[in-house]
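Grab a pencil and get ready to read a protein fold piece by piece. Try each task yourself before you peek at the solution.

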Amino acid sequence: MHRALWIAVALTLSACGFHLRGAMHLPDQLKSMRLDCPAVKERLFCQALERQLAANGIDTSAEQADYELKILNVATNRSTASIDERGVAREIQLNLAATFALTGAGNTVLIPETTVSARQSYQNDQTQVLGKGREEQQITRELSQQLALQ
């Protein structure tokens with residue numbers, strides 16, 4: 001009985017399209033894709049994207065490929081999310097946005113210019129100023145990985 005319940009749950013989840021993030025089955029045509037990731041200041045995103053594509057069996061090193069994923073822009077924005085009674089920033093929000101386009105053979109646009117974004121907040125403890133730079137770098141790495149999964 002217990003086993004039948006698990007099978008029913010698995011069938012229900014697979015029928016609705018649910019799957020774990022990470023590696024997924026892709027058509028053979030997408031196994032070779034040129035990744036055009038210009039020298040942008042947010043190289044972390046490009047590296048995370050390359051790792052994610054490789055995990056899905058996509059070769060991004062091919063110069064001649066039927067598809068090209070072009071990263072047009074990667075932007076980081078830092079803003080104050082909340083302030084205390086003295087006007088000091090208590091919470092900082094980091095936003096990371098990447099704009100990309102996917103083209104096929106003959107420069108046919110398959111996915112027009114699209115922007116994906118992720119954001120995360122952290123506490124701005126004024127007594128821990130030295131660790132804030134490292135924390136912000138770590139959050140930027142995590143946001144890059146989140147965007148690569150999208």
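Below are five exercises, each with a worked solution.

A quick word before you start: this is a predicted model, where local features need pLDDT of at least 70 and side-chain atom pairs count only at pLDDT 80 or more, while totals for chains, interfaces and linings use all residues. Residues are numbered from 1 along each chain as its sequence is written, and side-chain values use heavy atoms, with hydrogens and water left out.

**Exercise 1: the overall layout**

Work out which pattern the protein follows along the sequence.

*Solution.* Start by listing the pieces: there are three helices and four strands. Here, helices (H or I, at least four residues) and strands (E, at least two) are DSSP runs, numbered from the N terminus. Now read along the sequence, and you get α-β-α-β-β-β-α. Next, look at burial, where buried means under 20% relative accessible area, exposed over 50%, and partly exposed in between (1.4 Å probe, protein chains only). Of the 150 residues, 31% are buried.

**Exercise 2: the nonpolar core**

Find out which elements supply at least two residues each to the largest nonpolar core.

*Solution.* First, the term: a nonpolar core is a set of buried Ala, Val, Leu, Ile, Met, Phe, Trp, Tyr and Cys residues joined through side-chain atoms within 4.5 Å. The largest one here has 26 residues, and Leu-35, Phe-45, Leu-49, Leu-69, Ile-71 and Leu-147 have the most contacts inside it. The elements you're after are β1 (33-36), α2 (43-55), β2 (67-83), β3 (89-103), β4 (109-123) and α3 (129-149). β3 gives the largest share, seven residues. As background, nonpolar side chains tend to be buried together in soluble globular proteins.

**Exercise 3: helix α2**

Check the span of α2, then say where its buried residues lie around the axis.

*Solution.* The expected span of a helix is 1.5 Å times one less than its number of residues. With 13 residues, α2 should span 18 Å, and its end C-alpha atoms are 19 Å apart, which agrees. Now pick out the buried residues of α2: Phe-45, Cys-46, Ala-48, Leu-49, Gln-52 and Leu-53. Look down the axis: they fall within an arc of 165° (taken from the directions from the helix axis to the C-beta atoms), so they line one face of the helix. After α2 comes Gly-57, with a positive phi near 80°.

**Exercise 4: Ala-98 in its strand**

Is Ala-98 buried or exposed, and which residues does Ala-98 contact?

*Solution.* Ala-98 sits in strand β3. Its relative accessibility is 1%, so Ala-98 counts as buried. Contact means heavy atoms within 4.5 Å. Leaving aside neighbours within four places in sequence, Ala-98 is in contact with Phe-45, Asn-73, Val-74, Thr-114, Thr-115, Val-116 and Leu-147. Ala-75 is 23 residues from Ala-98 in sequence, with 6.5 Å between their C-alpha atoms.

**Exercise 5: the β3-β4 hairpin**

How do β3 and β4 run, and what is the phi of Asn-107 in the loop between them?

*Solution.* Two strands pair if DSSP finds at least two bridges between them. β3 and β4 are joined by twelve bridges and run antiparallel. Leu-96 stands opposite Ala-118 in β4. Five residues separate the strands of this hairpin, where Gly-106 has a positive phi near 70°. Asn-107 also lies in the loop between β3 and β4, and its phi is positive too, near 60°. Most residues other than glycine have a negative phi. Finally, at 59% relative accessibility, Asn-107 counts as exposed.
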